[in-house]
Amino acid sequence: MPEKARIGVWRETAASVWEISSITDATFFAKVDAYHAGDLMFGSVTSCAQKTERNAGLIAADSLDYFLMQFYVDGSRIARSRRSEQVLANGDMLMVDMSQPIETESTAYKSVDLVMPRRVLEPLLIDADAHGGQRLMATDPLTALFRSHLMALYQAAPHMNEAQAYAVQGATLSLAAAALNGTISPEHADSVRAAAWLPVRRYIEDNLTDLHLTVEQTALAFGISRATVYRMMEPRGGFVHYVRLRRLHRCRDDLVNPAHMHRSIADIAASWGFNNPSAFSTAFKELFDMSPRDFRHYVRGRTRRMNGLGSESDWSRWLAAMR
């Protein structure tokens, strides 16, 4: 494209998943080479120096729930998350949890990327919430093994048919999980606790509409003690905190759902157990960095902008649709 048109198109295209806060190279360029294979999306990105972010407002608005693993072939990137700041260079991999805030600052770079919906990778992970903004070092054997697999997958992609692409999905997910699980410290790698958490989490998620959901009820459903549930929930802020957090996310989902646009914010909040509008607004803003009212306006404006993007075959629409 003509150079003057490139930045605008890139910003609009990337807007499906990222805010481009600044372009730091005088001459802008970008190339995306992507493949969509079953539940996975992978490919390469080559671009000039830039700063990107996923802030709380964007996360709330798009509700994307997938993992992005970026292996750097050229260039470097600084990634800042709530947990840490990481500097990534050639051979390193960056793990991005699209449900968690992150800022990045890169030189001109090339990366090979893999996108995996949470629903297909999370069951294989010891602690699915522990990896956002994490650096997987190039020298780590499991990282190197996974990197080799991803490179081979990318190189073979132009010659693969649909059946072959589906056939390698299991191996790709297993290697990604092995690389990530290998970074979990022994004190957090209790396999029994990890195995027990997933069905408990699903039970809580399925019963969030029960405004009287309790620890006792959850423990009884699985034939375990209340103390076991308390220990399981401790790393997540406790049972009450976790349930409240998940209900705030459900409120967020209803605020952007076209089927609920006729409902007031107070009505939506009350349906999830938040009967004090002022307290709800405060809690919502603490979690999503904007008030429920501002959030609703933001999402409506963003939806109008996204509807103006290109065809359904655009890679940006693939990313925006990953679930």
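**Exercise 1. Which residue forms a salt bridge with Arg 250, and how far apart are the closest N and O atoms?**

Before solving it, a word on the model: it is predicted, so local features need pLDDT of at least 70, side-chain atom pairs count only at pLDDT 80 or more, and totals for chains, interfaces and linings use all residues. Residues are numbered from 1 along each chain as its sequence is written, and side-chain values use heavy atoms, with hydrogens and water left out.

Solution.
- Step 1: Recall the rule. A salt bridge is a side-chain nitrogen of Lys or Arg within 4 Å of a carboxyl oxygen of Asp or Glu.
- Step 2: Find the partner. Arg 250 forms its salt bridge with Glu 205, and the closest N and O atoms are 3.5 Å apart.
- Step 3: Place both residues. Arg 250 lies in helix H10 (residues 239-256) and Glu 205 in helix H7 (residues 191-206), so the pair ties together parts that are 45 residues apart in sequence. Helices (H or I, at least four residues) and strands (E, at least two) are DSSP runs, numbered from the N terminus.
- Step 4: Check the accessibility. Buried means under 20% relative accessible area, exposed over 50%, and partly exposed in between (1.4 Å probe, protein chains only). Arg 250 counts as partly exposed at 22%, while Glu 205 is buried at 16%.

**Exercise 2. Describe the salt bridges of Arg 135 and Arg 80, then look at the wider set.**

Solution.
- Step 1: Start with Arg 135. Its salt bridge is with Asp 92, and the closest N and O atoms are 3.0 Å apart. Arg 135 lies in strand S11 (residues 134-136) and Asp 92 in the loop between strand S7 (85-88) and strand S8 (93-97), so the pair ties together parts that are 43 residues apart in sequence.
- Step 2: Add the accessibility. Arg 135 is partly exposed, with a relative accessible area of 28%, whereas Asp 92 is buried, with 4%.
- Step 3: Turn to Arg 80. Its side chain meets that of Glu 105 in a salt bridge (3.5 Å, N to O). Arg 80 lies in strand S6 (residues 77-81) and Glu 105 in strand S9 (residues 102-106), so this pair ties together parts that are 25 residues apart in sequence. Arg 80 is partly exposed at 30%, and Glu 105 is partly exposed at 29%.
- Step 4: Widen the view. The count comes to 14 salt bridges. A network of salt bridges links Asp 65, Asp 97, Arg 118, Glu 122, Asp 129 and Arg 201.

**Exercise 3. In which order do the six strands of the open sheet stand, and is the pairing parallel or antiparallel?**

Solution.
- Step 1: Know what pairing is. Strands of a sheet pair through backbone hydrogen bonds, either parallel or antiparallel. Here, two strands pair if DSSP finds at least two bridges between them.
- Step 2: Read off the order. The six strands run S2-S3-S10-S5-S8-S11, and the pairing is antiparallel.
- Step 3: Find the edges. These are strand S2 (30-37) and S11, each of which pairs on one side only.
- Step 4: Follow some pairs. S2 and S3 are joined over eight bridges in the antiparallel sense, and Ala 30 has Ser 47 in S3 as its bridge partner. In the hairpin of S2 and S3, with two residues between the strands, Gly 38 takes a positive phi near 65°. S3 also pairs with S10, over seven antiparallel bridges, and Met 41 stands opposite Val 115 in S10.
- Step 5: See how covered S3 is. Seven of its eight residues are buried.

**Exercise 4. Which strands stand at the edges of the five-stranded sheet?**

Solution.
- Step 1: Write the order. This open sheet runs S1-S4-S9-S6-S7, with antiparallel pairing.
- Step 2: Name the edges. Strand S1 (19-23) and S7 each have a single partner strand, so one side of each is left without a neighbour in the sheet.
- Step 3: Look at one pair. S6 and S9 pair in the antiparallel sense over five bridges, and Ile 78 stands opposite Glu 105 in S9. Glu 105 is the salt-bridge partner of Arg 80 from Exercise 2.
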